[in-house]
Structure formats: structure tokens, C-alpha cells
Amino acid sequence: MTIEIITYEKQYDQAFYTLNIEWLKTYFYVEPYDEEVLKHPKKFIIDNGGYIFFALLKSEVIGTVALMPFQNTGHYELTKMVVQPNYRGYRIGQQLMEYCITFAKVNGLKKLILYSNTKLENAIYIYRKYGFSEVDLEPNSPYKRSDIKMELKL
């Protein structure tokens with residue numbers, strides 16, 4: 001399966017929202033912070049110096065991921081990574097991960113961080129596979145559902 005990974009285009013805002021909301025409702029719940037970021041990705045991610053990438057298959061968005069500036073630290077949060085349910089298991093998430101890591105290195109980013117939940121065993125396995133390691137989860141984590149924080153020094 002050949003996919004194309006492209007950078008943010010406003011025309012895909014609805015796909016970004018829909019894919020992420022579906023994933024959140026399937027595995028957890030939608031937090032108010034999620035709703036705001038997902039409804040207004042340009043405002044919360046792009047306009048703050050972040051990036052959103054889309055995986056396209058024949059012009060259909062089948063996956064997405066974002067790199068969002070993290071609390072004025074110079075680091076970026078790898079976030080909102082999701083693949084359409086009927087395309088899971090085809091390594092599209094891994095292709096998005098590889099794209100983000102390469103993009104981060106090429107653009108001189110120093111560290112990627114992510115928040116997850118240990119019940120997502122496959123995701124945690126993939127994060128470790130790509131070199132992410134567990135770090136202390138701060139008490140004021142941006143997501144209530146998170147019970148693990150990981151980072152990748154580039």
C-alpha cells in the first residue's frame with residue numbers, strides 16, 4: 001500500500017477532527033483540551049509553530065499526526081497520531097512516526113515527547129522500537145488519561 005505523507009492543508013481539518021475523535025471515543029473519552037485542539041488545529045498547532053501531517057491514500061486521509069510545541073521548552077509533543085480503523089495493521093502509524101522523526105532531525109528539533117496510556121501496549125511497543133524512553137510523568141500532565149510520558153532525544 002503506497003501512501004503519500006503531506007504537510008498541513010486546511011481542507012483536511014475535518015478529517016483531522018473526525019479521525020481523532022473516533023479514536024478517543026473508542027479507547028478513552030474526549031477531554032475538553034482535545035476538543036479545542038481538534039476543532040481548531042491551525043490555531044492551536046500550526047499558528048504556534050507546530051506541524052500536522054496527513055497520510056493520504058488516493059487523496060483520502062487515512063492517518064494523521066501532529067508535532068506541537070511543548071510549553072515553550074523548544075521541544076515538540078508528538079500527538080494526535082491516528083490511523084483510520086480499516087487501515088490499521090498496515091504500518092501506516094509507523095510510517096507517520098518515521099516521517100516525524102526524520103522531519104524533526106532535518107529541522108533541528110532536539111527532543112520529541114509524547115503522552116500515552118500503558119493499556120495501549122502496541123503503541124508503547126512502537127514508541128520504544130523508535131527509541132522513545134519513559135520519563136517521569138509530571139503531576140499536571142495535559143491529559144488526564146495519560147499514565148506514561150516518553151521522550152526521544154534527537
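In this predicted model, F28 has a relative accessibility of 16%, so F28 counts as buried, the cut-off being under 20%. The ring of F28 has two partners worth meeting. With W23, the ring centres lie 5.7 Å apart and the planes stand at 50°, so this pair is tilted. K119 places its charged end over the ring of F28, at 4.8 Å from the centre of that ring.

The pair of F28 and W23 belongs to a wider set, for the structure holds 13 aromatic pairs. Another of them joins F70 and Y115, whose planes meet at 45° with the centres 6.1 Å apart, so this pair is tilted. F70 lies in strand 3 and Y115 in strand 5, and the pair thereby links distant parts of the chain, 45 residues apart. Both F70 and Y115 are buried. Elsewhere, one aromatic cluster is formed by Y51, F53, Y76, Y99 and F103.

Some of these residues reappear around the pockets. The largest pocket has a volume of about 840 Å³. Its lining counts 33 residues, with W23, M81, V82, A123 and Y127 lying nearest the centre. Two or more lining residues come from each of helix 1, strand 4, helix 4, strand 5 and helix 5, and strand 4 gives the most, with 7 residues. By class, this lining divides into 18 nonpolar, 9 polar and 6 charged residues.

The second largest pocket has a volume of about 300 Å³. It is lined by 16 residues, of which Y33, M68, P69, F70 and Q71 are the closest to its centre. Helix 2, strand 3 and strand 4 each give two or more residues to this lining, which has 8 nonpolar, 7 polar and 1 charged residues.

Methods. Residues numbered from 1 in each chain as written. Predicted model: local features only at pLDDT ≥ 70, side-chain atom pairs only at ≥ 80, totals over all residues. Heavy atoms only, no water. 1 Å grid on protein atoms, 1.4 Å probe; cavity = no way out; pocket = protein on both sides within 12 Å on 5 of 7 lines; lining within 4 Å. Points joined across faces, edges and corners; volume = space filled by probe spheres on them. Helix = DSSP H or I, 4+ residues; strand = E, 2+ residues; numbered from the N terminus. Nonpolar A, V, L, I, M, F, W, Y, C, P; charged D, E, K, R; others polar. Phe/Tyr/Trp six-rings, centres within 6.5 Å; stacked < 30°, edge-to-face > 60°. Buried < 20%, exposed > 50% of the residue type's maximum accessible area, 1.4 Å probe, protein only. Lys NZ or Arg CZ within 6 Å of the ring centre and 35° of its normal.
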